[in-house]
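Work through the exercises below with the coordinates open. Each task is followed by a stepwise solution.

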4 protein chains.
Amino acid sequence: MSSIAALRAEVCALHSELIRWGLVTWTSGNVSARVPGEDLLIIKPSGVSYDDLTPADMVICDLEGKLVEGEHAPSSDTEAHAYVYRHMPEVGGVVHTHSPYATAWAARGEPIPCSITAMGDEFGGDIPVGPFALIGSDAIGRGIVETLQGHRSPAVLMAQHGPFTIGKNARAAVKAAVMCEDVARTMHFARQLGPVQRLPAEAVDSLYDRYQNVYGQQPTSKKGAR
Amino acid sequence: MSSIAALRAEVCALHSELIRWGLVTWTSGNVSARVPGEDLLIIKPSGVSYDDLTPADMVICDLEGKLVEGEHAPSSDTEAHAYVYRHMPEVGGVVHTHSPYATAWAARGEPIPCSITAMGDEFGGDIPVGPFALIGSDAIGRGIVETLQGHRSPAVLMAQHGPFTIGKNARAAVKAAVMCEDVARTMHFARQLGPVQRLPAEAVDSLYDRYQNVYGQQPTSKKGAR
Amino acid sequence: MSSIAALRAEVCALHSELIRWGLVTWTSGNVSARVPGEDLLIIKPSGVSYDDLTPADMVICDLEGKLVEGEHAPSSDTEAHAYVYRHMPEVGGVVHTHSPYATAWAARGEPIPCSITAMGDEFGGDIPVGPFALIGSDAIGRGIVETLQGHRSPAVLMAQHGPFTIGKNARAAVKAAVMCEDVARTMHFARQLGPVQRLPAEAVDSLYDRYQNVYGQQPTSKKGAR
Amino acid sequence: MSSIAALRAEVCALHSELIRWGLVTWTSGNVSARVPGEDLLIIKPSGVSYDDLTPADMVICDLEGKLVEGEHAPSSDTEAHAYVYRHMPEVGGVVHTHSPYATAWAARGEPIPCSITAMGDEFGGDIPVGPFALIGSDAIGRGIVETLQGHRSPAVLMAQHGPFTIGKNARAAVKAAVMCEDVARTMHFARQLGPVQRLPAEAVDSLYDRYQNVYGQQPTSKKGAR
């Protein structure tokens, strides 16, 4: 169980990145991680303030979203996270926020056009919009999976709701959430004063390929492994 | 009097949430709490900097807004707070700010349309606009009460002035003020680049009902009680 | 000289309020104070980073802006501050920033319309625009004085340049700079999504009168004296 | 090698200014410095979090961008920095960010018009746009140099990418990046509510000349030397 203890600590700590980068207000965002090799996930408890969050507060659920271990009720978004883990085996982390600029694009139901190199790098194209879906069934999870499967983007803007992001682990999903808000903001500013062209498809392909394969440190490098 | 001491400390501490979430500038916002079981309220003194605020500085007034105990003059908005407590017995906390996005909607006299799930959750519909009213009489308090009675929203945008929020206690009223600014901002961004549809009424009902009854921790949970 | 030492410390410390409220970038703003009873002012040295500022760094100039005491060259805006002190004997503090929202109104040469109660309280009407004037002569100081004399507003937006504010002391001038940016921002947001009406003149008069005479603590109160 | 140790420490520390002034998100910006008197540059390693950066992590490259010393792969923007050092001998520091307002102008391919005195001071005219260029060749470096040679501005907005800035040393290039975002933001706000006139050319010349030659402390002053 010590790898679960480490994962609890990591998921807990990653919530502070949501605060630091301005993605969440009060208790409105959550991070989860898949427990490697088990049909379990670790997620934030519902409605608990980020200030009060400790690794011990993190709750463990099965991949149907049912509580397995923990003192608190899991995040009300747990069903959506669980659905993603059930249907996307390559996903090791999921993040949901109502970050303001990304949620503004979601409110209009408008994809963020891939017009700057940072979007080519991270998202490999537009950030797509998923269907409007109510909490309390499989609908949100299904909308996320149907939109992201076969798409390069690790972020989906659920219509009139907000962004969900995925990653190979929780940290990668948090990075996707942070960069999603960053480009949502820049593209919001860009569009406010005039039209913006999308990047040519070949440029996007080139940026995405390079960023995924060359950027950062190779695994032999200590810091680059993160 | 020890419950009053605790309430002084709580009301004092909650002002730091107004700063943290960017709701106030200089001395421009205030939090109050009803003293349970007594016709008294605890509120910030007028014009004192948030840095200097101590629990002992909080002043106690009766429900006409007259000073009962304290070294300082009460907030110049005390009459409005007192009017709310007199006429809405279910209210245990009141907050007033000039938070920038909510005040911008107030300046235009335009309700914030309920177009995102976060608004359905917290406000159960649009955030309504109250009348323009001058300080120095019952007019502001009356405008707040007339607008919020029979409305799900715990926030009202007083025209050309700013938001007032209510809650079962001071912390809940602060949360409503924080979420009011959050959705005012997101809806501002959304509307800047195109029209936004309101959510269907049934969806809003479903979100509001679930959030009020299912979200967070049940009272048996230690952290969820807050 | 101990009152000068205290004033050096106060002027130095007030620069941190410019940072805290987001009014300045790098070294782009300055605070000065009149030395009571002498034809002297204390001001920030030119181009020194806010992190490095100590009370000893503050420089003393005469009311022509000439250096009287200090190791550093005075702020390049000293002439404008000095002109204000020479021509407005009631002024004890001057602040200049390029705070972004106020400077945006200044860039268009557009007064900020008095459409919200916070503006009635603090500014007693619109925040006016002063002439475009180049640094290096009396022109900026003259433009400030001509615009603010006979005006309730302690803030002027110098065209295509930025705000200058005045006060009975340096702290009051800093408060005016902070509130000027606050209302510049709120009115910017308000106007982005539609037209905004000015408050009726009688309402502005009533707000301004009350705020100047009733708000805050009376001098017998320890904290309210600030 | 002790001057290289000092330069490593300085380049490392300057990255915290990018964070402080809101210019970077996650790992998306980098600072470099020329090693005086050698054909070497010091730059941030690729993809390492700002929290984790230590002076020892900084890497040393030749002016072709090839790693000479360091445990980590250099920033993926190293080729562009190196090209600038090769072709602009007067440049001692280069900074690249995706700061949001400057990148929004870059996304539209629109120069920032010189309409406020702060732009005259720092940039001596409009902030120009450079060509769209893909990473992985000389194209970015060439675009920066072709745009900035013979231009007063130390900042160029590379189209659909973001700003690059130069300076006589790394600190000056960081200052240019900070001021570029500052004026990009102010001019964005200004333009949102109406047209803005450029300053007359003579006024710009006068501002630029004075700021470059009179502003700040002369070299004999301890603090002004920075």
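The exercises treat confidence, the contact between two chains, one salt bridge and the symmetry.

The model is predicted, with local features requiring pLDDT of at least 70 and side-chain atom pairs pLDDT 80 or more, while totals for chains, interfaces and linings use all residues. Residues are numbered from 1 along each chain as written, chains are lettered from A and ligands numbered from 1 in written order, and side-chain values use heavy atoms, without hydrogens and water.

**Exercise 1. Assess the confidence of chain A and of the complex.**

Step 1. The average pLDDT (the predictor's confidence in each residue, from 0 to 100) of chain A is 94, and 96% of its residues score at least 70.

Step 2. In residues 221-226 of chain A the pLDDT falls below 50; this stretch has 12 contacts (heavy atoms within 4.5 Å) beyond near neighbours in sequence. Where pLDDT is low, predicted coordinates should not be read in detail.

Step 3. For the complex, the predictor gives an ipTM of 0.94 and a pTM of 0.95.

**Exercise 2. Describe the contact between chain A and chain D.**

Step 1. Chain A contributes 36 residues and chain D 35 residues.

Step 2. The buried area (accessible area, 1.4 Å probe, that two parts lose on being put together, summed over both) is about 3200 Å², with 58% from carbon and sulfur atoms.

Step 3. There are 8 residue pairs in polar contact between the two chains, both residues at pLDDT 80 or more. A polar contact is a pair of N or O atoms within 3.5 Å; within protein, one must be able to donate a hydrogen and the other to accept it, and residues adjacent in sequence count only if both atoms are side-chain atoms.

Step 4. On the side of chain A that touches chain D, α6(A) gives the most, with 11 residues. By class, this side has 15 nonpolar, 10 polar and 11 charged residues.

**Exercise 3. Which residue forms a salt bridge with A:Arg20?**

Step 1. A salt bridge is a side-chain nitrogen of Lys or Arg within 4 Å of a carboxyl oxygen of Asp or Glu. The rule finds 1 across the interface of chain A and chain D.

Step 2. The partner is D:Asp51, with the closest N and O atoms 2.5 Å apart. A:Arg20 lies in helix α1 of chain A and D:Asp51 in the loop between β2 (40-43) and β3 (59-62) of chain D, so the pair joins two chains.

**Exercise 4. Relate chain A to chain D.**

Step 1. A turn of 90 degrees and a shift of 0.0 Å along the axis lay chain A on chain D with an RMSD of 0.0 Å. The two copies are therefore related as by a four-fold rotation axis.

Step 2. In chain A, the C-alpha nearest the axis belongs to A:Gln192, at 5.3 Å.

Notes. Helix = DSSP H or I, 4+ residues; strand = E, 2+ residues; numbered from the N terminus. Nonpolar A, V, L, I, M, F, W, Y, C, P; charged D, E, K, R; others polar. Least-squares fit on C-alpha atoms with pLDDT ≥ 70 in both.
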